[in-house]
Amino acid sequence: MKILRKNQHLSANLRTMTAALALLVAGGVSATASSAHAQTVTETPIPLVAAPDAAADVAQTAYDPLEGFNRGSFALSMGVDRAVLRPLSHGYVAVTPTPLRHRVSAVVYNLGEPSTVLNDVLQGKPKRAGRSSARFVINSTIGVLGLFDVASGMGIRAHDADFGQTFGRYGVKAGPYLYVPVIGPSNFRDGVGRVFDFFTDPVGIAGGGWRTTFGATRLVVQTIDTRTNADGAFRALDDSVDPYITARSAYGQHREAFVREATGEVQALPDFDDVTSSSEPAAAPPSDTPPAPSEPAPSTPQ
């Protein structure tokens, strides 16, 4: 009898730990999947985030008082990725045609649109909320449950929003950098935002939570899809001098620009097509002002 109660106690603890881990993963993936979405709906897969030079982070003087813990967490997460997530992602790519993967990414993104609408409303941006609402309705119906991004073809472009951005919209500072095991880079503001994203996700609530068949399937598919679309960024980390600094810098720059988009300091994050175009050398604009005559060089005394 005592052994039975002990086994029941261990089973309860195991379920609690599994639930906690799933909650953390779900919260993190939910937050990052939306960022990957706008990229994955394009016909050419692109990295989740650009990987800047490590030297650029030095200039930004990232606030990282927990660097010792964060580096350990980063090393652990990279080990888990190499052992589990990377083989799983590469296996998925090997057996799934590219067009089908794009359709999966489109469905994952479409299911995140209601969360975007919620944050658009909270940020006081009714036009953006209207566009995201229209995208969800159109792509869920005409687009066959989100398989096809019909709304973009109609000129209704996608954008992302989450609670981390919403908090930043109202002046909440990012706080210390934090690398959460398995989930990835974050900061105190965005970490709290991810929890809010998880518990307020309209599709998740309507689907009965992550414990239902729908919720668990969505979580697994979303995790694999997100990891697959981030494979380019992971390869960039492997090639960097200090992968930890590179990941921290990429995350910080991305989130800073994301929050500035909400505060109106920038109009919008550029599409990758625009980035690609802008990376090409631009021709110098014509000038109406004639060049100033160059002064003669001073003569050398003989």
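Colleague: Which residues make up the largest nonpolar core?

Modeller: The general idea comes first: in soluble globular proteins, nonpolar side chains tend to be buried together. In this predicted model, the largest nonpolar core has eleven residues in all. Its members are Phe74, Met78, Tyr177, Tyr179, Ala230, Phe234, Leu237, Tyr244, Ile245, Ala247 and Tyr251.

Colleague: Which elements each supply at least two residues of this core?

Modeller: At least two residues come from each of H3, strand E1 (177–180), H11 and helix H12 (243–263). With four residues, H12 gives the most to this core.

Colleague: Turning to a single member, what does Met78 touch, not counting residues up to four places away in sequence?

Modeller: Met78 touches Tyr179 and Phe234 on that count. Both of these residues, like Met78, are listed in the largest nonpolar core.

Colleague: How should one read the packing of helix H3 and helix H11?

Modeller: Two packed helices are described by the angle between their axes and the distance between the axes. Here helix H3 (residues 67–95) and helix H11 (residues 231–239) pack at an angle of about 140°, and their axes lie 12 Å apart. That angle makes H3 oblique to H11. The crossing in which H3 passes H11 is left-handed.

Colleague: Which residues in H3 and H11 meet?

Modeller: From H3 come Met78, Asp81, Arg86 and His90, which meet Asp231, Phe234 and Asp238 in H11. Sorted by class, the contact of H3 with H11 has four charged, two nonpolar and one polar residue. Met78 and Phe234 belong to this meeting of helices, and they are also members of the largest nonpolar core.

Colleague: Is Ser115 buried or exposed?

Modeller: A residue counts as buried when its relative accessible area is under 20%. Ser115 has a relative accessible area of 15%, so Ser115 is buried. Its place is in helix H4 (residues 98–122).

Colleague: With which residues is Ser115 in contact, leaving aside its neighbours within four places in sequence?

Modeller: Ser115 is in contact with Ala161, Asp201 and Pro202. Of these partners, Asp201 is 86 residues apart from Ser115 along the chain, yet the C-alpha atoms of the two are separated by 5.6 Å.

Colleague: For the protein as a whole, how many helices and strands are there, and what share of the contacts with a separation of 6 or more joins residues 24 or more positions apart?

Modeller: The protein has 13 helices and two strands. Residues 24 or more positions apart account for 73% of the contacts with a separation of 6 or more. Of its 302 residues, 38% count as buried.

Key:
Residues are numbered from 1 along each chain as its sequence is written. This is a predicted model: local features need pLDDT of at least 70, side-chain atom pairs count only at pLDDT 80 or more; totals for chains, interfaces and linings use all residues. Side-chain values use heavy atoms; hydrogens and water are left out. Axes are lines fitted to C-alpha atoms, for helices over the stretch in contact, and angles run from 0 to 180 degrees between N-to-C directions. Angles under 35 degrees count as roughly parallel, over 145 as roughly antiparallel, 65 to 115 as roughly perpendicular and the rest as oblique. A crossing is left-handed if the near helix is turned anticlockwise from the far one by less than a right angle, and right-handed if clockwise. Contact means heavy atoms within 4.5 Å. Ala, Val, Leu, Ile, Met, Phe, Trp, Tyr, Cys and Pro count as nonpolar, Asp, Glu, Lys and Arg as charged, and the others, Gly among them, as polar. A nonpolar core is a set of buried Ala, Val, Leu, Ile, Met, Phe, Trp, Tyr and Cys residues joined through side-chain atoms within 4.5 Å. Buried means under 20% relative accessible area, exposed over 50%, partly exposed in between (1.4 Å probe, protein chains only).
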